[in-house]
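Here are some notes to read beside the model, written as numbered points. Please keep the sequence and the 3D view open while you go through them.

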Amino acid sequence: MRFGTEILKQADFLATCSQGSSGITRTYLSDAHRQAGDYLLGLMREAGMQAGYDALGNVVGRYPGLEADSPVIVTGSHQDSVVDAGRYDGLFGILSPIACIKDLHRRGVRLRHGIEVIGFGDEEGVRFEVTMIGSAALTGSFDVNWLDRCDDAGITMRRALENFGGNADAWQSVRRDPGRIACFIESHIEQGPVLLSENLPVGVVTAIAGVSRLRASVVGLAGHAGTVPMANRRDALAAAAEMVLAIERLAQSDPSPVVATVGKISVAGGGAINVIPGRVEFTVDLRSPDDAIRRTAEAALTNACNAIAAQRKVVLEWQRFFDLNAAPCDPYLQEQLASAIGEHGVKVRRLPSGAGHDAMKFAGFTPMAMLFVRCGNGGISHNPLEIMTAEDAEVATSVLLRFLEDFEPKSPHAA
Ligand code: HGY
Ligand code: MN
Ligand code: MN
């Protein structure tokens, strides 16, 4: 194999770049981020690229093309992870293009267009609860207020950047001119069961689901667990629990493809075994490939929770802190990916992405496309059981290389 075995070995090393005592967790601007970033820079330089960190800690590698003033192909994915993650989410989309360029460099081949590979420092949003920081900065939607957001230890993003060796004040230098970019393409594990169930190694993404993220704060009345009669309680956790189940029921009953997840819930101060919880916060992650359906679902779930709050006499406040519309993938690029797949004798399967990706930030900024690669274990992801094979890594990387080698920007006159 030209690529697959090596890529999985590299992913195995990157899995050791982790914080905490067990599992894989690599958050933005952490020591683990630095360790993984340094390793990726080494791979990029070995592949003949000029490589370094940008002001926000993204890893950037460049492989110049024959035509210096032609727009570049940008590819890549995120190097951060969720808590207790798998080892391929994001990273495959950085390692695969590096392997492509290493192959071109070995053969002494330069393509017409330059290629830029980016390892985005944050996509999951674990540390500062804003996601896709790197791709947002590249495409002009970075919010300077994010620099003042604190992590759980009270460290601001600004301070974390200084500690990392970044430069918070130079965040605008990360922004790209869309006129200098021919397209953005991201390779990523599917994180779902479709390719696995149809026994296909790769697929072409048609669109990425839109996502709303909300934080609910439920305020009741703390009290003595032993003395307050049940009928007199305004128990914030019991109210939140009823809301969580109502959200699940609404998403389950919605005939359209809506998914809703309450991923975090906490009692203020951590709670105590003998105190009726007075204040609870929980998050909602709501997704649909159709933005109108997502908006309707969001109204339905907030109304249902507001009704529960009224009935239980607790105060419920909502804060929507993240909202990204569904991102269609460029049809022309989908065609180019499809022909690269066809040339490998693989049936072309088009499918939507339920998971969010950095590629979303490029929609409307530059033509964007995604290549999915099969993952095993039922397609599980955001879980240490996430798995892929060297054979599939091989096919996906070979398809990406063919896409890069054959890339022709869509002519302005093309239909
Ligand atoms: O949440 C997502 O869909 C992505 O993994 N950040
Ligand atoms: Mn992820
Ligand atoms: Mn990902």
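**Notes on the metal ions and ligand 1**

1. Start with the manganese ion (ligand 3), whose donor residues follow the sequence spacing H-x10-D-x98-H. Bear in mind, for this point and for those below, that the model is a predicted one.

2. Which residues stand behind that spacing, and through which atoms do they coordinate the manganese ion (ligand 3)? They are H78 and H188, each through NE2, together with D89 through OD, at 2.1 to 2.2 Å. It is worth finding D89 and H188 in the fold: D89 lies in the loop between strand 3 (72–78) and helix 3 (92–106), while H188 belongs to strand 5 (residues 181–189), so the pair ties together parts that are 99 residues apart in sequence.

3. The manganese ion (ligand 2) is coordinated by D89 through OD, by E124 through OE and by H382 through NE2, at 2.0 to 2.2 Å. Along the chain, the donor residues of this manganese ion (ligand 2) are spaced D-x34-E-x257-H. E124 sits in the loop between strand 4 (115–120) and helix 4 (133–138), and H382 in the loop between strand 16 (368–373) and helix 10 (390–406), so this pair ties together parts that are 258 residues apart in sequence.

4. Which residue bridges the two manganese ions, ligand 2 and ligand 3? The bridge is made by D89, and the ions lie 3.3 Å apart.

5. Turning to ligand 1, the residues around it are E123, E124, R213, R287, A355, G356 and H382. Two of these names, E124 and H382, will be familiar as donors to the manganese ion (ligand 2). By type, the shell around ligand 1 divides into 4 charged, 2 polar and 1 nonpolar residues.

6. Three side chains deserve a careful look for their distances to ligand 1. An N or O atom in the side chain of R287 is 2.6 Å from an oxygen atom of ligand 1, and an N or O atom in the side chain of R213 is 3.1 Å from an oxygen atom of ligand 1. In the case of E123, an N or O atom of the side chain is 2.9 Å from a nitrogen atom of ligand 1. On its own, ligand 1 has 210 Å² of accessible area, of which the protein covers 93%.

7. Finally, when you look for pockets in the model, note that the largest pocket is the space taken by ligand 1.

Notes. Residues are numbered from 1 along each chain as its sequence is written. Chains are lettered from A and ligands numbered from 1 in the order in which they are written. This is a predicted model: local features need pLDDT of at least 70, side-chain atom pairs count only at pLDDT 80 or more; totals for chains, interfaces and linings use all residues. Side-chain values use heavy atoms; hydrogens and water are left out. A residue is near a molecule or strand if one of its heavy atoms lies within 4 Å of it. A polar contact is a pair of N or O atoms within 3.5 Å; within protein, one must be able to donate a hydrogen and the other to accept it, and residues adjacent in sequence count only if both atoms are side-chain atoms. Accessible areas come from the Shrake-Rupley method with a 1.4 Å probe; for residues, only the protein chains shown count as cover. On a 1 Å grid over the protein atoms alone, a cavity is a set of points where a 1.4 Å probe fits but cannot get out, and a pocket is an open set with protein on both sides within 12 Å along at least five of seven lines; lining residues have an atom within 4 Å of a point. A molecule sits in a cavity or pocket if more than half of its atoms lie within 2 Å of its grid points. Ala, Val, Leu, Ile, Met, Phe, Trp, Tyr, Cys and Pro count as nonpolar, Asp, Glu, Lys and Arg as charged, and the others, Gly among them, as polar. Donors are N, O and S atoms within 2.8 Å of the metal (3.2 Å for Na, K and Ca); water is not among the atoms, so sites may look incomplete. Helices (H or I, at least four residues) and strands (E, at least two) are DSSP runs, numbered from the N terminus.
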